[in-house]
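Thanks for making time. I will go through a few strand and helix arrangements, so please have the sequence and the model open.

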Amino acid sequence: MPRAPLARRFGQALLDRLDQAMGRLPEPLSFTAEPQVFRVSGTLVEPISTAPAIVRALAKLVDELAEALTRRNHGARQLLVQCMRVDGTTQSLQLGLSNASADPIRLNRLLGERIETIEPGFGIEAFTLSATETSPLNVPENRDWLVPANDPASLAALLDRLSGRAGIKNLSRLQAGASQFPEREQTHIGRDSVQKMEEHASASPRGPRPARLLRSPSPITVKAFWPDGGPKTVQWSRISHTIRGLIGPERLWSDWWHDSTGACARDYWVAETVEGERFWLFATHDGAGPDAGRASWFLHGFF
C-alpha cells in the first residue's frame, strides 16, 4: 500500500514503527534491570502449630536470607513472612526496620516478638520469607544520641523493637519547628517519620534549657527584685521562693505568623533558690524591656 494514505489515516507513528521493524530507522532501546528479589522458602515434613517450632523454622530461613543479602551487600528494610496452612489458607506477617540490616540475630529477635500474631490453625506446612524492601548496607546509618556511635546497640534497634510491639502508628518523635518560643520550638510527628531520625542543628546559639518544660507557662508573682531587675522573691502555687542566684536574661522574640497583634518579647532567667531548686522564669514585654512594677512573670520549666 502507498505510504501517504497510511500516514493520513493512521498517522506517522505507524510508518515509523514499520520502518523500525524493517531496520530502516534506528530504534533505541532502554533496558530496565529487573529488581533484585530476596526470597527463601521452606517446606516441613510435618505441620507445626507451636510457637517454639515456628521460631526454629523461621530461624533457618532467616539464616538463608541473611546470607543472600550479605552476598549482594544489601540489608532488609521490610520483611514479609507467609505461612501456608494445611487448610489451604495463608497467614502473613509484615514488619519494618528503621535501617537496612542483614544481621540474623536482629532479624530473628524482631520476628520472635511477633510470633504470637500468627494463627497456625490446624498446622503450618510451609513458610516463605521475603525482603520486600532492601537498601545497600554501605549507606551511613543514623547516629544514635543515646549511646556512643561505636555501640552496636543503636537507636535503630530500639525503634525496631518498639514498632514491632506497639506499632509504628503509635510512635512519635520531636521535630524542630519554626519558632523562637520554647513551647513552639518542637512539634510531634509520627508514623513513617519516626524512622527518619535526622539531626537539626540549632540556627543560633541558645542558653541553658530545662530538663522539664511545662505544657504552658504558669503565672507567678514577683514580690521583690534584685538591683539589676532580676526576680529576688517569687510566689508560685501559694509557695514563696527566695532566689540566691540568676543567669540571664536571654531575650526571645515572638513570631509574626503566630502573633498577628504585634511583636512581643520574653526575657528568660535561670533562677536558683536557697533550697537548691532551679526554675526557668521569664517576663513578657513589648521589646523595650519589662516594667519592674507591672511586668507579667511566668514559670516555664525546671532544671
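Helix α4, residues 104-112, lies across β2 and β3, and runs at about 135° to β3. Bear in mind that this is a predicted model.

Now the sheet under that helix. β2 and β3 belong to an open sheet of four strands, ordered β1-β4-β2-β3, with antiparallel pairing. The edge strands, β1 at 38-48 and β3 at 90-101, each pair on one side only. From one strand to the next the twist averages 15°. A second helix, α3, residues 51-71, packs on this sheet and touches β1, β2, β3 and β4. The direction of α3 makes about 160° with that of β1.

Inside the sheet, β2, residues 74-85, and β4, residues 124-136, run antiparallel and are joined by eleven bridges. To place the register, find Arg85: it stands opposite Ile124 in β4.

Next, further along the chain, strand β10, residues 265-273. Is β10 largely enclosed or open? Eight of its nine residues are buried, meaning under 20% relative accessible area, so β10 is largely enclosed by the rest of the structure.

β10 has two partners to look at. With β9, residues 239-253, β10 pairs in the antiparallel sense over eight bridges, and Leu246 stands opposite Ala271 in β10. With β11, residues 278-285, β10 also runs antiparallel, joined by eight bridges. There, Trp269 stands opposite Leu281 in β11.

Last, the turn. β10 and β11 form a hairpin with four residues between them. Gly276, in that turn, has a positive phi of about 100°.

Note on methods:
Residues are numbered from 1 along each chain as its sequence is written. This is a predicted model: local features need pLDDT of at least 70, side-chain atom pairs count only at pLDDT 80 or more; totals for chains, interfaces and linings use all residues. Side-chain values use heavy atoms; hydrogens and water are left out. Two strands pair if DSSP finds at least two bridges between them. Helices (H or I, at least four residues) and strands (E, at least two) are DSSP runs, numbered from the N terminus. Axes are lines fitted to C-alpha atoms, for helices over the stretch in contact, and angles run from 0 to 180 degrees between N-to-C directions. Contact means heavy atoms within 4.5 Å. Buried means under 20% relative accessible area, exposed over 50%, partly exposed in between (1.4 Å probe, protein chains only).
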